[in-house]
Amino acid sequence: MKRSEETIVACGTARAKSGLAVVRVSGKQALHVAETVTRQPVNTQRKMVVRDLVCPNSGEVIDRCLVVAFFAPNSFTGEDVVEFHVHGSLAVIEKTLEIITALDGCRLAEAGQFTSRAFLNGKMDLTQVEGLGDLIEAETDEQRRQALRIVDGGLLRTVEKLSDKLSEALAIMEASLDFADETDVADDAEKQALVLAAEVNEDIIRLLTSSKPSETVRNGFRIVLAGPPNVGKSSILNRLAGRDAVIVSDQAGTTRDLHEIRMTIAGCPAIFIDSAGMRATMDAIEGEGIRRAKDAMKDADLVWWIDDLSVAAEGTFEDDIPANVTTWHVGNKSDIASRGPSRDQESRYFEISARTGYGFDALTAALKDEISRSIGRVDDRLVIRSRQFDCLQECQHSIAEIESLHESEIKAEAMRAALQAIGRLTGRETSEDILGRIFQGFCIGK
């Protein structure tokens with residue numbers, strides 16, 4: 001029996017003590033498995049029934065459980081599927097898996113294998129597979145919404161429209177080759193195909209504009225706390241965390257590496273990064289910390305430049321903030337002194353006190369608005385994976401090539417390459433290596 005034809009089994013819930021666990025079986029022998037371990041036939045689907053779970057060899061009752069069957073092709077994998085809803089003790093879970101895998105043709109599933117079979121059986125495309133992976137990993141409300149839209153086919157429907165338009169353009173381009181002797185007819189057909197290709201390119205540009213907000217929701221909005229030493233960056237981080245997340249000291253240069261805390265703001269992961277104080281130093285370790293702080297600012301969505309209101313503003317290292325990164329000026333220790341914004345700070349200036357908590361409500365409220373603005377509406381977010389982004393860019397590159405080509409046959413080949421890039425996005429033309437990497441990211445029971 002081929003490995004792909006074997007019946008697979010896995011625990012679809014966490015293998016830990018719980019009130020309930022779901023053991024899922026999928027494959028040609030799934031119904032036979034159910035009949036063997038319950039000693040009763042499976043006559044109905046999508047209807048839960050109470051059954052004794054029995055060891056086929058000894059006849060020992062392992063558990064009293066609920067059993068539900070889904071007949072092919074009307075199941076998640078497209079195959080016959082049976083689920084056993086057992087009590088969630090580790091002993092019950094392990095024994096259930098043991099008796100099922102002891103049956104001929106049954107084995108434990110590999111990571112993502114249920115989803116892999118759903119993909120191979122045409123139950124979902126590769127964008128939906130990736131959306132499902134993100135849905136399982138979702139920790140915030142916005143991540144859930146974004147992933148669910150992809151699982152529901154939001155990106156697939158958009159990409160299919162691009163594919164249909166490119167297929168039409170390619171058909172027209174190839175048809176023009178049949179009329180090569182009739183110059184006017186061939187030229188008109190080629191122009192029509194190029195217009196359609198240009199429309200696809202514009203559609204892709206609009207689609208890729210959703211890339212940054214989608215990436216932010218998936219990976220988090222990064223806020224770097226930067227500034228001179230001893231201005232209270234670590235104290236601010238601790239205040240935000242509500243605990244002593246990092247060491248605070250009056251000694252300059254205490255923070256020598258990046259320290260992160262994660263929060264959920266506006267339904268999106270917000271990652272606050274404490275960094276080394278900016279100053280000239282001969283200490284190699286502190287210097288490395290400052291270098292890492294500069295690198296962190298390059299990848300930041302927002303930089304909070306922290307100043308100590310109780311001393312004269314230095315600001316000599318403020319030039320190290322990348323020009324394309326949004327910067328807010330935050331004056332700490334307002335319980336001691338107040339300064340007010342300079343002319344170039346007026347748009348985003350806050351005075352706070354890490355010691356008393358003054359000003360933190362206004363600062364975090366402004367941050368919530370900034371994140372909400374950054375991620376936009378869920379209906380505008382589709383491209384969420386670098387693989388998807390790369391496929392769309394490959395399609396754009398092939399379309400751009402067409403304009404520089406002269407032979408109609410070569411133009412048709414470039415258009416075919418653009419269509420193939422779309423095929424790789426949905427999985428119609430994706431290599432086994434790419435598929436393997438995607439499905440390995442799933443848990444065993446999915």
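Q: What makes β8 and β9 count as paired strands in this predicted model?
A: Strand β8 (residues 259-265) and β9 are joined by seven bridges, in the antiparallel sense. Two strands pair if there are at least two bridges between them, so β8 and β9 qualify. To find one spot along this pairing, look at isoleucine 265, which stands opposite cysteine 268 in β9.

Q: What lies between the strands in the hairpin of β8 and β9?
A: The hairpin has two residues between the strands, and alanine 266 takes a positive phi near 55°.

Q: How do you know that β7 and β9 pair too, and in which sense?
A: Strand β7 (residues 221-226) shares five bridges with β9, and the sense is parallel. The cut-off is at least two bridges, so this is also a pairing. One place to look is valine 224, whose bridge partner in β9 is isoleucine 273.

Q: Why is strand β9 called largely enclosed?
A: Seven of the seven residues of β9 (residues 268-274) are buried, so the rest of the structure largely encloses this strand. You can check both sides of the strand: Cys268, Ala270, Phe272 and Asp274 point one way, Pro269, Ile271 and Ile273 point the other way, and all are buried.

Q: Why is threonine 38 called buried?
A: Its relative accessible area is 7%. Buried means under 20%, so threonine 38 fits the term.

Q: Where is threonine 38, and what does it touch?
A: Threonine 38 belongs to helix α1 (residues 30-38). Leaving out residues up to four places away in sequence, threonine 38 touches Arg51, Asp52, Val67 and Phe84. Within its own helix, a polar atom of the threonine 38 side chain lies 2.5 Å from the backbone oxygen of alanine 34.

Q: How do you know that the length of helix α10 agrees with what a helix should span?
A: Helix α10 (residues 284-298) has 15 residues, and at 1.5 Å a residue they should span 21 Å. The C-alpha atoms at its ends are 21 Å apart, so the two values agree.

Q: What makes us say that the buried residues of α10 line one face?
A: The buried residues are Glu286, Gly289, Ile290, Ala293, Ala296 and Met297. Seen down the axis of α10, they fall within an arc of 115°, so they line one face of the helix. On the other side, Ala284 and Lys298 are exposed.

Q: What covers the buried residues of α10?
A: The cover includes β7 and β10 (302-308). You have met β7 already, as the strand that pairs with β9 in the parallel sense.

How values were computed. Residues are numbered from 1 along each chain as its sequence is written. This is a predicted model: local features need pLDDT of at least 70, side-chain atom pairs count only at pLDDT 80 or more; totals for chains, interfaces and linings use all residues. Side-chain values use heavy atoms; hydrogens and water are left out. Buried means under 20% relative accessible area, exposed over 50%, partly exposed in between (1.4 Å probe, protein chains only). Helices (H or I, at least four residues) and strands (E, at least two) are DSSP runs, numbered from the N terminus. A polar contact is a pair of N or O atoms within 3.5 Å; within protein, one must be able to donate a hydrogen and the other to accept it, and residues adjacent in sequence count only if both atoms are side-chain atoms. Contact means heavy atoms within 4.5 Å. The expected span of a helix is 1.5 Å times one less than its number of residues. The arc is that of the directions from the helix axis to the C-beta atoms.
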